[in-house]
Amino acid sequence: MILREKLLTVFEKEMGNYVSGEELSRKLGVSRTAVWKQVSKLRELGYRIDGTTRSGYRYLGPPDILYPREVRRGLNTRFFGKEVLHFQRVGSTNQVALELARKGYPEGTLVVAEEQTAGRGRWRRPWLAPPGKALLFSLVLRPSLVPYRVPEVTLVTGASVARAIHEHTGLRVGIKWPNDLLYEGKKLCGILVEMEAAAEQVNYLVLGIGINVNQERDDFPPELQDTATSLRMILGEKVLRLPLLQRLLEILEDDYQEYCRDGFAPSRERWLGYQVTLGRRVRISVGGKEFSGEAAGVAEDGSLLLRLPGGDLISCNSGEVVLCREEGEP
Ligand code: BTN
């Protein structure tokens, strides 16, 4: 174990208490100067440590930065987030995760970034977020699945994220089919699933999740300021990203394992509990064509069933939904 790691382990045991520089140097078998150097380094990384070599040091906790060590510490999963790659700045975590998956990285490998320079959304749109304010991450998955069932995984994920947000903040978010998380009609989170597959079998999937956590209204580009929101804007206070990410990984792993074992039905039930699309008048664009009608249901495979004005029912397995305003709605 390197010295910095050993020092953090001692600090964690003594969280909130003063420990003298001398005691630390004795425990770690190094000079007080060496201790002081490591303390300075940890402070540079954002760790909160009070005090001086003379008065002793008091550890107050890690920063809300998604360092692999902190993500893994206390994480209650079997394989999600056991391998973590953290970037201060990267093009797209999905892109990195796809490359790692191709190289054979195991299921559950997590790629997380403080900032993306080429973050991507659905429909080839960019996904933008200022450094350190959002949760931006991707997971490598290797399900044994035929490609046409991949949309189910995106619905499974939407329900997992909605539950994690609820547990972490108490907020009830809604899901617009297939997997846009909304709060009072404004977008809070997006999910982008990308894959590499042969005709009959998925080789690997990358689950990319972007959650607007601590952005302020001005952090969004002007054209999104009326349609996007963040947990901080809703709650009126800063929200810690690290515990939200950890809880989300735990829930995602449970739900994903259940999906692999029992199929889509249990997740579909959960998804239905969060959805805000059914019963609404919607417009949906599918492969360049646009349809309007009533969102009448979600099929067993997660497709949206749309009732056209003439009464016909069509099934859409992908597409972008716009919820139309109901009468009297602002
Ligand atoms: C959407 O358009 O709603 C999906 C947005 C997905 C954004 C996330 S952020 C982390 C991951 N890396 C990316 O480049 N995209 C996804």
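**Entry 1: terms and first position.** I take helices (H or I, at least four residues) and strands (E, at least two) as DSSP runs, numbered from the N terminus. With that in hand I looked up E184 in this predicted model, and I found E184 in the loop between β8 and β9, the latter covering residues 186-197. The phi angle of E184 is near 45 degrees, which I noted as a positive value in a residue other than glycine. Is E184 buried or exposed? I entered E184 as exposed, because its relative accessibility is 71% and the cut-off for that word is over 50%.

**Entry 2: a second positive phi.** I then turned to R124, a residue other than glycine whose phi is also positive, near 60 degrees. R124 sits in the loop that runs between β5 (110-113) and β6 (135-141). Its relative accessibility is 83%, so I counted R124 as exposed too.

**Entry 3: a cis peptide bond.** Where does P178 lie? I placed P178 in the loop between β7 (174-176) and β8 (180-183). The peptide bond leading from W177 to P178 is cis, and I wrote down its omega as near 0 degrees.

**Entry 4: the chain as a whole.** Stepping back, I counted 9 helices and 15 strands in the chain. The C-alpha atoms fill a box of roughly 80 × 45 × 30 Å when it is taken along the principal axes. Of the 330 residues in the chain, 49% are buried, and the accessible surface comes to about 15800 Å², with 48% of it belonging to carbon and sulfur atoms. Among contacts with a separation of 6 or more, I noted that 62% join residues 24 or more positions apart. For charge, I recorded 46 positive and 43 negative side chains, the centres of the two sets lying 6 Å apart.

**Entry 5: cysteines.** How many disulfides does the count give? I arrived at 0 disulfides. C316 is in no disulfide, and the nearest cysteine sulfur, which belongs to C324, is 13 Å away; since a disulfide needs two cysteine sulfur atoms within 2.5 Å, I could not count that pair. With a relative accessible area of 3%, C316 is buried. I also looked up C189, which counts as buried because its relative accessibility is 0%.

**Entry 6: E152.** I found E152 in helix α6, which spans residues 150-169. Is this glutamate E152 buried or exposed? E152 is buried, as its relative accessible area is 6% and buried means under 20%. Leaving aside residues up to four places away in sequence, I listed Y259, F264, E300 and D301 as the residues that E152 touches.

**Entry 7: S230.** My last position was S230, in the loop between β10 (202-211) and α7 (231-235). Its relative accessible area is 0%, and I therefore recorded S230 as buried. Which residues does S230 touch, not counting residues up to four places away in sequence? I wrote down L188, N212, V213, N214 and Q215. What lies 3.0 Å from a polar atom of the side chain of S230? There I found the backbone nitrogen of M233.

Methods
Residues are numbered from 1 along each chain as its sequence is written. This is a predicted model: local features need pLDDT of at least 70, side-chain atom pairs count only at pLDDT 80 or more; totals for chains, interfaces and linings use all residues. Side-chain values use heavy atoms; hydrogens and water are left out. Buried means under 20% relative accessible area, exposed over 50%, partly exposed in between (1.4 Å probe, protein chains only). Contact means heavy atoms within 4.5 Å. Accessible areas come from the Shrake-Rupley method with a 1.4 Å probe; for residues, only the protein chains shown count as cover. Lys and Arg count as positive and Asp and Glu as negative; His and the chain ends are not counted. The place of a charge is taken as NZ of Lys, CZ of Arg, CG of Asp or CD of Glu. A polar contact is a pair of N or O atoms within 3.5 Å; within protein, one must be able to donate a hydrogen and the other to accept it, and residues adjacent in sequence count only if both atoms are side-chain atoms.
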